[in-house]
Amino acid sequence: MSPGKQVSQSEAVTIAGARLKGMRRRVRLSRLALLTAIAAGPLALGVSVWPGPATVAAAPSTKPATVRTAAVAADPAGYAQVFVSAWLRSSVDDTTTAQARLAQSMAPDVELPDLAAGAQGAPESVTAVRSAQHGAGVWSVTLAAQYPGGSVRYYTVPVVVDGAGASFAVAGQPGVVAGPGRATTPKSPYAVTVPPGSALSSTVEEFLAAYLAGAGEVDRYLAPGVKPSLVSPVPYSGVTVRQVSAVDESAAGRVPADGTRVRVRAEVEAADASGRWPLAYELSLAARAGRWEITATRARIDGARDGGARP
């Protein structure tokens, strides 16, 4: 082999070796970069969850928020009712009875009655009828004591209430007072008589018979979307409508156009095993598809309380 060819081969080997070293160097750098990225992963994660600069989110105000609450006065009517009931059933001659101990625990400084022989018996019931606040924490409660035979006597009791409304104290002896006067009854707005047997009167009668006596399904008389709270079990065995009165003339004739609304008052007689009870209901109805539908009711019970639920 000539010297020229030997030199060429030697140069080729040198160049190849240099290229191989360069490739190895790039592989090592690539591995180093990969390991650096892996090592930087947890650090990068830590940076991402670390709170950002204060300018990213506004710092909450350190000024306390003002919460406005309405003061609710605690009505001591129930407390006074319990006291007067116990006081009227007590006697200074026997302070060991349960009623006497109760009265004295509620008002240690209040004297007990000194009953004479043959005195009027204890009341059948004691009911608070009026409360009046006369100052900060100072109340006067009027109560009605009903005795056998139907007689009623009214008492007033001073009661002190603490600022939180959690503690009460009877501040003095009960006093006998006149009962509340009778307020003037406003004139009824139901001045139009609905003819018996009319579509409106029949709807009212059938609805109340279903509602109070279970005579049929209540839902069939209700406007869409009306969901009443039903009386369960039904309190009466039968219901008779005595009279239906309306506010305006549109209720007296035929069923008007859809959407027409009327208000009526139905006077009914409900019967059960105990007797017959005169009741009254105020109803709102709307015309739809040639028929009347109940949209709302409000009960007024003149006798028994049984049928007083409001759908």
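Modeller: Let's start with a term: a residue is called exposed when its relative accessible area is over 50%, and buried when that area is under 20%. Keep in mind that this is a predicted model.

Biologist: Thanks! Is Arg276 buried or exposed, then?

Modeller: Arg276 has 58% relative accessibility, so it counts as exposed.

Biologist: And which side chain meets Arg276 in a salt bridge?

Modeller: For a salt bridge, we look for a side-chain nitrogen of Lys or Arg within 4 Å of a carboxyl oxygen of Asp or Glu. Here the partner of Arg276 is Glu269, with 3.3 Å from N to O. The pair also belongs to a network of salt bridges that links Arg242, Glu269 and Arg276.

Biologist: How many salt bridges does the rule give?

Modeller: The count is five. Two of them share an acid, Glu293: one joins Glu293 to Arg288, with the closest N and O atoms 2.9 Å apart, and another joins Glu293 to Arg291, where the closest N and O atoms are 2.8 Å apart.

Biologist: Is Glu293 buried or exposed?

Modeller: Glu293 has a relative accessible area of 2%, so it is buried.

Biologist: What about Arg288 and Arg291?

Modeller: Both get the middle label. Arg288 is partly exposed because its relative accessible area is 40%, and Arg291, at 32% relative accessibility, also counts as partly exposed. So in this spot a buried Glu293 forms salt bridges with a partly exposed Arg288 and a partly exposed Arg291.

Notes:
Residues are numbered from 1 along each chain as its sequence is written. This is a predicted model: local features need pLDDT of at least 70, side-chain atom pairs count only at pLDDT 80 or more; totals for chains, interfaces and linings use all residues. Side-chain values use heavy atoms; hydrogens and water are left out. Buried means under 20% relative accessible area, exposed over 50%, partly exposed in between (1.4 Å probe, protein chains only).
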